[in-house]
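Here is a short dialogue between a learner and a teacher. The topic is how to read helices, exposure and charge pairs in a model.

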Amino acid sequence: MWNAGRETSSHGTDLSKNQAMKEKERLIKELQLITEERNDLRDRLRFLTERSMKNRPHFRPNPYYEDLERMEEEVMSILHNLEMENTEVHENNHKLKKEITFSR
């Protein structure tokens, strides 16, 4: 009799552990979805806030920031050109190596 009561309580414990694990997994998934939604809404708010600040009449852009943006564009353009040049030089070098190997 004592044994029988113990077996049912362990079965109940197993069942409650399974239920607890399922509930934990469900809550984790729900938390992940809520976190993704929060991050998305935060990004939207940041975008709208920045856009609305630029459209305000009293908003004066920082001239140093504008100069810095122009400089960044120039540097990125130069970087792109250098990358393209590097690719061309690499391809030419590879072709020359093939020709040298073929002529030997």
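The turns below take one feature at a time.

Q: What kind of model is this, and how many helices and strands does the chain have?
A: This is a predicted model. The chain has 2 helices and 0 strands. Helix 1 covers residues 2-54, and helix 2 covers residues 63-103.

Q: What share of the residues is buried?
A: A residue counts as buried when its relative accessible area is under 20%. In this chain of 104 residues, buried residues make up 0%.

Q: How much accessible surface does the chain have, and what part belongs to carbon and sulfur atoms?
A: The total is about 10700 Å². Carbon and sulfur atoms account for 58% of that surface.

Q: How should I read a salt bridge, and how many are there?
A: Start with the general idea. Side chains of opposite charge can pair when their charged atoms come close. The rule used here asks for a side-chain nitrogen of Lys or Arg within 4 Å of a carboxyl oxygen of Asp or Glu. By this rule the chain has 5 salt bridges.

Q: Which residue meets Glu23 in a salt bridge?
A: Arg26 does, with an N to O distance of 2.6 Å between the side chains. The two residues are separated by about one helical turn because they are 3 residues apart in helix 1.

Q: Why do Glu23 and Arg26 count as partly exposed?
A: The class partly exposed lies between the cut-offs of 20% and 50%. Glu23 is partly exposed because its relative accessible area is 35%. Arg26 has 42%, so Arg26 is partly exposed as well.

Q: Which residues are linked with Glu23 in a network of salt bridges?
A: The network of salt bridges links Glu23, Arg26 and Glu30.

Q: Where do Asp40 and Arg44 lie, and how far apart are they in residues?
A: Both are in helix 1, 4 residues apart, which is about one turn of the helix. Their side chains form a salt bridge, at 3.4 Å from N to O. Asp40 has a relative accessibility of 35%, so Asp40 counts as partly exposed.

Q: Which helix holds Asp67 and Arg70?
A: Both residues lie in helix 2, where 3 residues, or about one turn, separate them. A salt bridge joins their side chains, with 2.6 Å from N to O. The side chains of Asp67 and Arg70 are also joined by a polar contact of 2.6 Å. Asp67 is partly exposed because its relative accessible area is 34%. For Arg70 the value is 46%, so Arg70 is partly exposed too.

Q: Which residues form the negative surface patch?
A: For the charge, Asp and Glu count as negative. The negative patch here is made of Glu66, Glu69, Glu72, Glu73 and Glu74. A residue in a patch needs over 30% relative accessible area and no salt bridge.

Q: Where does Glu69 lie, and why does Glu69 count as partly exposed?
A: Glu69 lies in helix 2. Glu69 counts as partly exposed because its relative accessibility is 33%.

Technical notes: Residues are numbered from 1 along each chain as its sequence is written. This is a predicted model: local features need pLDDT of at least 70, side-chain atom pairs count only at pLDDT 80 or more; totals for chains, interfaces and linings use all residues. Side-chain values use heavy atoms; hydrogens and water are left out. Buried means under 20% relative accessible area, exposed over 50%, partly exposed in between (1.4 Å probe, protein chains only). Accessible areas come from the Shrake-Rupley method with a 1.4 Å probe; for residues, only the protein chains shown count as cover. Patches are made of residues with over 30% relative accessible area and no salt bridge: like charges are joined within 9 Å, nonpolar side chains (Val, Leu, Ile, Met, Phe, Trp, Tyr) within 5 Å. The place of a charge is taken as NZ of Lys, CZ of Arg, CG of Asp or CD of Glu. A polar contact is a pair of N or O atoms within 3.5 Å; within protein, one must be able to donate a hydrogen and the other to accept it, and residues adjacent in sequence count only if both atoms are side-chain atoms.
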